[in-house]
Every structure is written in structure tokens, then in C-alpha cells.
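Here's a quick briefing to go with the model on your screen. Have a look at the structure, then read on.

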Amino acid sequence: MNRGDRWLLVLPLALTALGVVMVYSSSAILGITRHQDPNHFLTKQMLRAGIGVVAMLMMAKLPLRRLERAAPFLLAAAAGLLGLVIVIGHAAGGSERWLHGGVLNVQFQPTDFARVAAIVCLAWWLKRRPPAEHGFVRGLLVPLGVLTVLCGLIAKQPNLSSAMMLGLIGLGMLFLAGAPLRHLAVPVGAGAAGVAVALATHPYQWDRVRSYLDFVLRGTLETRGSGWQLDQSLIALGSGGWLGRGLGGGLQKYLFLPEAHTDFIFSILGEELGFLGATILLGLIALYLWRGLRTAVRASDAFAFLVAGGLTLQIGFYALVNLAVATGLAPTTGLPLPFVSYGGSALLLNLAAAGLLYRVSVGNERDEALARQRWGAAA
């Protein structure tokens, strides 16, 4: 483990540590009112972070050959778990997204596992059938079919935002694999049609989009309705100033801002740590994305290149959407901020993915071998 890029381990741990602190600060009041314990969410997050670190270290030592052979089985397991959620899933907030039970009576969200499994399986397939060589039918139909099935199962929960993110990650991997843009236009159009149908059949999701459009186009916000969360989020960010109110000194967590410890934890961070704290957070995320993409382009094997690229893209997409929601640049969704937001399966899978990304860096060449090979062939 001495040859890999240690930043790929240090940065996720730093973000997770920051997340634990902010989860406690943003959830203590909620813990008192809901569970009579200010440490309720902190204790759970620390336990999950500990399990996630163990998973990260295990994945950091996993041979990529073994992972490549297991790719189809991971995909089958992910599809099975998503189907099981629809049948016996635990409902919360109008959606059935969790499997609940076991010895520790824990909740597990298979969507997060499916996200990583899809990345591994797509890398396995695209290595063997590069789209640029096999064309649309032989190269892209199967991965597009896999994405369609997984996204459909996730949207059925319903969880439209996660389904859209999985589709974006898949399209990003197809682009990295060399798929022509004219071929990618087909799934983009089909995905846009699917989103339109989902919005038409789920009124609460359309209400969020409508509220966002009113805010962007007309400058109006339903502060007592669907725009409540965004309004409170902007108040939190605006009141933070340059240096913030101080850690623990935020006011919006006093039950003004719903989901302050999950979807809108960035807002509390901006309120308490100010512009400086928010900039440091963005810097850590940007540095992690840079090291991840650097690992991808230095991979000498197509499977490793696509796995590293997919794992980096999924962190970047989730972070971008979460931050856009908190700042009013995107409609409200239920997507967490990677490594920082309160959550179990998302934190566990993100830390495991960080370990896998580090494992790819261990086997990399010092030079950008695969990138030179690809661009040399194109020239």
C-alpha cells in the first residue's frame, strides 16, 4: 500500500471527519426533540464511519482481477436487492428505499450499492466491447439496457433523483469508453422523455421543479410551501458571512431547515463556518476529484481506467447536485453530500469506493500510459 496515491485515502477521511462534526452540530437539536438524546445521530454516524473505514481498507487491498471477474455477479445482486426493496422495502417519506432488519436492526439502501455495482459492471463490459470499435448495437445496447433496468427499479421506489444520477454516471462512463456523441444522443433523448413521464405521474416532484422554475425565472419563492427548504437554506448561507457564526452557533438547525443534517448540511456548514469553511470544503472535494481523474488517466488497463473514472464521476455528480440544490441552482432533491451528509449506506459505499480508487492507483504507471495509448491511436 506504499505505492498508491495516499491523497485518495486522506481526503475521504478528512471529509468524513468534517462530516461527523457537522452532523453533530446540525442534528443535536433534532436529536433532543425527536429522540431525547443530542448524541443520537452523532453516535450512529460515528459507527457508520468506522465500518466505512474498515470497508475502505479492505477494498484498498482487493485485487482488481478478482473484482473484474465478480462484476456480473455484483450486477445481479444489485438488481435483486432493488427488486426486493419494491416488494418488502421499508417506507419513509412516501418512498420505499430501504431494507430494514438484521441482527443490528439496520437500514440499508440498495440504490447506493447498485451505483457502485453498475460502475464495475459497465467497466467490465466496455473493456471487452469498446463502443468505438463495436458500434451502437454490439457495443452500447447491452450497457444501455442494464442502465435502463437499474434506473427503472430505482425510479419505481420512487427515487427519481437517484435514477437520474445513475443514468448520468453511466453516460459519463460510455463517453470515457469512447462512445461517439451521436450514439449518446439516443439515450439522452430517451432519458429526458422518462424524466418528463416521471414528473407527470408524481405531482410532488413536479411541485419542486415548478417552484424552482418560479424562483429562477420570476424571482418568486413559495416560502410557506414547496420553497420552504430553499428559503431557509439561503438564509443560512447568507447569514454565515465570511467567517460564520461559529461552530455550533447556527440558528437554522433549530428546526427551521428540514433535513439539515442530510440533504442541506452544506447550508449549516456555510452558516457556522462561513465563506472560509465552505471554500475549504469545496477545495477538499475538488482535490479529491482531481486525484481521482489523475488516477484514471494513468491506468494502464481499460477496466481500471473505467472503474476509476466512474467512481470519480459519481462523487463529482453527487457533490455538484447537492451543492446546487443548497444554493438554489437546481430543484430540491434528496441526494446527500458525499462523505459529509448523515447516512449509512451512502457513506459506507463512498468510503469503499475510495478504497477501490486507491487500489487502482497502486497498479498505475508513473506516466499516463493509457491516455498516451488512446490519443496516439487516434492520431
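What follows covers two helix pairs, the cavities and two spots in the backbone.

Keep in mind that this is a predicted model. Two helix packings are worth a look: H10 with H11, which run roughly antiparallel, and H3 with H5, which run roughly parallel. A search of the whole structure also turns up three cavities of 30 Å³ or more, and H11 comes back there as a lining element of the second largest one.

**H10 against H11**

- Helix H10 spans residues 265–297 and helix H11 spans residues 302–326; their axes come within 9 Å and cross at roughly 160 degrees.
- Angles over 145 degrees count as roughly antiparallel, and H10 and H11 are therefore put in that class.
- The crossing of H10 past H11 is left-handed.
- On the H10 side, the contact includes Phe266, Ser267, Leu282, Ile285, Tyr288, Leu289 and Gly292, while H11 brings residues including Phe305, Ala308, Gly309, Thr312, Ile315 and Gly316.
- By class, this contact has 14 nonpolar residues, seven polar ones and no charged ones.

**H3 against H5**

- Helix H3 (residues 64–88) packs on helix H5 (residues 131–155) at an angle of about 25 degrees, and the axes are 9 Å apart.
- Under 35 degrees counts as roughly parallel, so that's the label H3 and H5 get.
- Here too you'll find a crossing that is left-handed.
- H3 puts Leu75, Ala79, Leu82, Gly83 and Ile86 into the contact, and H5 answers with Val146, Leu150, Leu153 and Ile154.
- That contact splits into eight nonpolar residues, one polar and no charged.

**Largest cavity**

- The largest cavity holds about 60 Å³ of space.
- Its lining is made up of Arg208, Ser211, Tyr212, Ser226, Gly227, Leu230, Ala330, Pro331 and Thr332.
- Helix H8 (residues 203–218) gives the most to this lining, with three residues.
- If you're wondering about polarity, the lining of the largest cavity has four nonpolar, four polar and one charged residue.

**Second largest cavity**

- About 40 Å³ of space lies in the second largest cavity.
- Around this cavity sit Asp112, Arg115, Gln314, Ile315, Tyr318, Pro336, Pro338, Ala346 and Asn350.
- Helix H4 (110–128), H11 and helix H12 (345–362) are the elements that each give two or more residues to this lining.
- H11 gives the most, with three residues.
- Ile315 does double duty: this residue of H11 is part of the contact with H10 and also lines the second largest cavity.
- The lining of the second largest cavity divides into five nonpolar, two polar and two charged residues.

**Backbone spots to check**

- As background, most residues other than glycine have a negative phi, and most peptide bonds are trans.
- Glutamine 157 and proline 158 are joined by a cis peptide bond, with omega at about 0 degrees.
- You'll find proline 158 in the loop between H5 and helix H6 (160–176).
- Glutamine 36 has a positive phi, near 55 degrees, in a residue that isn't glycine.
- The loop between helix H1 (7–35) and helix H2 (40–59) is where glutamine 36 lies.

Methods:
Residues are numbered from 1 along each chain as its sequence is written. This is a predicted model: local features need pLDDT of at least 70, side-chain atom pairs count only at pLDDT 80 or more; totals for chains, interfaces and linings use all residues. Side-chain values use heavy atoms; hydrogens and water are left out. Axes are lines fitted to C-alpha atoms, for helices over the stretch in contact, and angles run from 0 to 180 degrees between N-to-C directions. Helices (H or I, at least four residues) and strands (E, at least two) are DSSP runs, numbered from the N terminus. Angles under 35 degrees count as roughly parallel, over 145 as roughly antiparallel, 65 to 115 as roughly perpendicular and the rest as oblique. A crossing is left-handed if the near helix is turned anticlockwise from the far one by less than a right angle, and right-handed if clockwise. Contact means heavy atoms within 4.5 Å. Ala, Val, Leu, Ile, Met, Phe, Trp, Tyr, Cys and Pro count as nonpolar, Asp, Glu, Lys and Arg as charged, and the others, Gly among them, as polar. On a 1 Å grid over the protein atoms alone, a cavity is a set of points where a 1.4 Å probe fits but cannot get out, and a pocket is an open set with protein on both sides within 12 Å along at least five of seven lines; lining residues have an atom within 4 Å of a point. Grid points are joined across faces, edges and corners, and a volume is the space filled by probe spheres set on the points.
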